Amino acid sequence: MERIITLSDYDLDYSGLENNFKDIIHLAARVAGTEISLINLIDSFTQWSIAHHGLEIDQMPREESVCQYTIMGDDHFEVEDLSADARFTNKFYVDKPLSLRYYFGIPLKTSTGFNIGALCVLDTSFKKLTPEKVELLKLIANEIVNRLNTIKLLQELKSKLNDAKETHKRVAHDIRGPLSGIIGISEIISERGNENQLDEVMDFVTLIHKSSRSILDLADEILTEEKKRLGEPQGDGFNLTVFKEKLEKLYLPQAQNKGIALNINNDPKLATIPISKNKLLQIVGNLISNAIKFTPQGGSVIVDLDLALEMNNKTLKITVSDTGEGLDEGAISNILNGSQTTSQGTGGESGYGFGLAMVKHLVDSLKGKMEITSEEGKGAKFVITISQ
């Protein structure tokens, strides 16, 4: 569970990292002398290939991968002949047309000691790497982790800048309200002062009025800058449209592979309003993967993305519903308590028991709320609400 949380803390968009590692993944293949090299990150359900050389692949079920064994160790994991190893003999990458035989993987270890993925090299020919090449690959693996840490740091800095902009906006609103009241009152007093010819009162009120108006103009200036960007992507350009597109890119292949219809919906009127993407891909991605896992072939998974706007507040509501096996009251209680254990999917997929526990952990960390409704045999519905 700690390993999964460590990976989720990087808050990565698995579909948008290739350019950060093009040079280094090519170098890994050159060093090893292999046809293929991959950088794989492994979460609760999926192995994500965030960079690849020699093989166009974006993802595969975790239980199908070789790298799932690499992350269990502290050093490297080598298989000289995949076709002769009972764990991999029947895998798609061993059969034609890929016909892969050799595998060598090094875990991507964080400074806290958790293996979040692996650097691996593969080939259709039998190989044996020299100790010198192994050491070079370990250095490359360390550089990959360094780059992931840099990406994480940059995202955190960008998030803090966005938070500062939002704070400025709220301050402007907070200033504007009382000052508008002051100006209104001063105008009333001014009118009465004219009627009573109170020169001293009039001079005093005039000063208040001028001061208040200048501050109000300043507040309006701040708000105008925000209004100019209204409806346009801000910060990292994340909104419901981008969110929907990324979810479709990442999880439609999983659904199609199992023969399940995945539909992701949002309100076009709210689709371009900027939102914070903090942990959203991790939360919704795990819910979708879990729904696919427990929905039989021919079933469906529906994701609804909605945004409620009230004054300066945004509330994101995410609903993930499926036509799968459903949950009993005990299972729902265990999920909400963070104590759900593993179970096997409808297609025989392995379970690791961490996906929904991590979703609950992430939702709680964002001070959000998770609700679950379900009937056994009639599917399940997960509703997440998070203030933006």
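## Overview

Of the protein's 388 residues, 44% count as buried, where buried means under 20% relative accessible area with a 1.4 Å probe on protein chains only. This is a predicted model, in which local features need pLDDT of at least 70 and side-chain atom pairs count only at pLDDT 80 or more, while totals for chains, interfaces and linings use all residues. Residues are numbered from 1 along each chain as its sequence is written, and side-chain values use heavy atoms, with hydrogens and water left out.

The protein has nine helices and eleven strands; these are DSSP runs numbered from the N terminus, H or I over at least four residues for helices and E over at least two for strands. Take the contacts (heavy atoms within 4.5 Å) between residues at least 6 apart in sequence: 69% of them join residues at least 24 apart.

## The cores, F21 and L148

The largest nonpolar core runs to 77 residues, and F21, I39, L119 and L137 have the most contacts inside it. A core here is a set of buried Ala, Val, Leu, Ile, Met, Phe, Trp, Tyr and Cys residues joined through side-chain atoms within 4.5 Å. Apart from it lies another core, this one of 20 residues, including V94, L100, A118 and L122.

Leaving out residues up to four places away in sequence, F21 touches I39, I50, A51, I144, R147, L148 and I151. One of those partners, L148, sits in helix α4 (residues 131-196) and is buried, at a relative accessible area of 0%. Beyond its neighbours within four places in sequence, L148 is in contact with Y10, L12, F21, L41, I50 and I116. The C-alpha atoms of L148 and N20 are 9.0 Å apart, with the two positions 128 residues apart along the chain.

## Helix α1, tucked in

Helix α1 (residues 2-9) has six of its eight residues buried, so it is largely enclosed by the rest of the structure. The buried ones are R3, I4, I5, T6, L7 and S8, and they pack against β1 (36-42), β6 (115-123), α7 and α9. Just after α1, D11 takes a positive phi of about 50°.

## How α1 meets α9

The axes of α1 and α9 come within 10 Å and cross at roughly 50°. Axes are lines fitted to C-alpha atoms, for helices over the stretch in contact, with angles running from 0 to 180 degrees between N-to-C directions. The two helices are therefore oblique to each other; under 35 degrees would count as roughly parallel, over 145 as roughly antiparallel, 65 to 115 as roughly perpendicular, and the rest is oblique.

α1 passes α9 in a right-handed crossing, meaning that the near helix is turned clockwise from the far one by less than a right angle (anticlockwise would be left-handed). I4, I5 and S8 of α1 meet M358, H361 and L362 of α9. That contact divides into four nonpolar residues, two polar and no charged. For the classes, Ala, Val, Leu, Ile, Met, Phe, Trp, Tyr, Cys and Pro are nonpolar, Asp, Glu, Lys and Arg are charged, and the others, Gly among them, are polar.

## How α7 meets α9

Helix α7 (residues 280-293) packs on helix α9 (residues 355-365) at an angle of about 155°, with the axes 9 Å apart. That makes α7 roughly antiparallel to α9, and the crossing is left-handed.

On the α7 side the contact uses Q282, I283, N286, L287 and N290, and on the α9 side G355, L356, M358, V359, L362 and V363. By class, that contact holds seven nonpolar residues, four polar and no charged.

Terms used: Buried < 20%, exposed > 50% of the residue type's maximum accessible area, 1.4 Å probe, protein only.
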